[in-house]
Amino acid sequence: MKSMREAYNSTLPYRIVGALLFFGLLGVRDWMRNPTNPTRVKEYGFLVVSMLLSVVYGILHDHLTATISVEYFLNAKGLGTDPRPYRWAVTLLAIKASYGPGVLAGALILIANNPSKRKPQLPYRHLFRFCAYPVLGAATCAAILGAAMPLIARGTWIVDAALAFAPAESVGRFLTVWGIHAGSYGGATLGTVIAVISVVAARNSLASRPSLPCDNRSSMLPV
């Protein structure tokens, strides 16, 4: 009999597809009711784009690091007991770890662009570019911390912790991957914060131009 954790992991693809279908139906319903300004469709579409960017990054990221240090995934991440093929298990692990942060980043960007009587909203053609900020932040910090981690860890408890999962001859690669993963999480968080601040700053800049209207009561989100 499968454990609760195994059952949860095995149903991940179906839960994601189910969520996409559910919100897709809500979007179609909103489009039918408001064909000229389907605000829900725009919101859900934006969240899907943000999630997909995060998932694509997560899959590429994990397959790269799974090549650098097999021990990190088999031992530290527990895939050694996963009956599925190694690369498929890595893919599912990447999806599970990345889709949530992607949706959260998109939601925070949308919140930063909420309607206001004092500030105009950013149009979607401008708003979409901020979705890349968390990914760029993750990639940048992953590269920096991945290169620095073996040096930072030298002579510290971090090496001992790594040795619990990897043999001595592989501990350097393990530490590199550990740094890449830590850098990705920290960089994605930093990128999201920068994206939100940038959206607010861009709206403030638009609001300072007297020729632009600032009353957005007629619509939830711009085109």
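This note goes through the fold, helices, aromatic contacts and nonpolar cores of a predicted model.

1. Overall architecture. The secondary structure of the protein chain comes to nine helices and zero strands, so that, read from the N terminus, the elements run α-α-α-α-α-α-α-α-α. Of its 223 residues, 39% count as buried, while the accessible surface comes to about 12600 Å², with 70% of that area belonging to carbon and sulfur atoms. As for the contacts within the protein chain, among those between residues at least 6 apart in sequence, 75% join residues at least 24 apart.

2. Helix 5. This helix covers residues 86-112, and its 27 residues should span 39 Å at 1.5 Å a residue; the C-alpha atoms at its ends are 40 Å apart, which agrees with that expectation. The agreement in span should be read together with a kink of about 25 degrees, which lies at Ser98, shortly before the proline Pro101.

3. Thr91 and its surroundings. Thr91 lies in helix 5 and has a relative accessibility of 14%; because the cut-off for a buried residue is under 20%, Thr91 counts as buried. Once residues up to four places away in sequence are set aside, Thr91 touches Ile59 and His63. The C-alpha atoms of Thr91 and Asp62 are separated by 7.4 Å, although these two residues are 29 residues apart along the chain.

4. Helix 7. With 22 residues, helix 7 reaches 31 Å from its first C-alpha to its last, which is close to the 32 Å expected at 1.5 Å a residue. Here too there is a kink, of about 35 degrees, at Ala147, and it lies shortly before the proline Pro150. The buried residues of helix 7 include Pro134, Gly137, Ala138 and Ala142, and also Gly146, Met149 and Ala153. Helix 7 is followed by Gly155, whose phi is positive, near 75 degrees.

5. Aromatic pairs. A search of the whole structure finds eight aromatic pairs. In one of them, the rings of Phe165 and Phe174 have their centres 6.0 Å apart and their planes at 5 degrees, so this pair is stacked. The two partners differ in their exposure, since Phe165, at 35% relative accessibility, counts as partly exposed, whereas Phe174 is buried, with a relative accessible area of 2%. Phe174 also forms an aromatic pair with Trp178, and this one is edge-to-face, with 6.1 Å from centre to centre and 75 degrees between the planes. Both Phe174 and Trp178 lie in helix 9 (residues 171-207), where they are four residues apart, about one turn of the helix. Trp178 has a relative accessibility of 25% and therefore counts as partly exposed. Phe165, Phe174 and Trp178 belong, with Tyr72 and Phe73, to one aromatic cluster.

6. The nonpolar cores. The largest nonpolar core has 17 residues, and of these Phe73, Leu79 and Leu175 touch the most other members. Two or more residues of this core come from each of helix 4 (70-76), helix 5, helix 7 (132-153), helix 8 (157-163) and helix 9, and helix 9 gives the most, with four residues. A second, separate core has twelve residues, among them Leu122, Leu127, Phe130 and Cys131.

7. Phe73 as a point of contact. Phe73 is a member of the aromatic cluster and is also one of the residues that touch the most other members of the largest nonpolar core. Leaving aside its neighbours within four places in sequence, Phe73 is in contact with Asp62, Thr65 and Ala66, with Gly78, Leu79 and Gly80, and with Tyr86, Val90, Leu93 and His181.

8. Gly80 in the loop. Gly80, one of the residues in contact with Phe73, is found in the loop between helix 4 and helix 5. Apart from residues up to four places away in sequence, Gly80 touches Phe73 and Leu74. Gly80 and Val70 are ten residues apart in sequence, and their C-alpha atoms lie 9.6 Å apart in space.

How values were computed
Residues numbered from 1 in each chain as written. Predicted model: local features only at pLDDT ≥ 70, side-chain atom pairs only at ≥ 80, totals over all residues. Heavy atoms only, no water. Expected span 1.5 Å × (residues − 1). Bend = angle between axes of the 7 residues up to and from the residue. Buried < 20%, exposed > 50% of the residue type's maximum accessible area, 1.4 Å probe, protein only. Contact = heavy atoms within 4.5 Å. Phe/Tyr/Trp six-rings, centres within 6.5 Å; stacked < 30°, edge-to-face > 60°. Core = buried A, V, L, I, M, F, W, Y, C linked by side-chain atoms within 4.5 Å. Areas by Shrake-Rupley, 256 points an atom, 1.4 Å probe, with all protein chains shown as cover.
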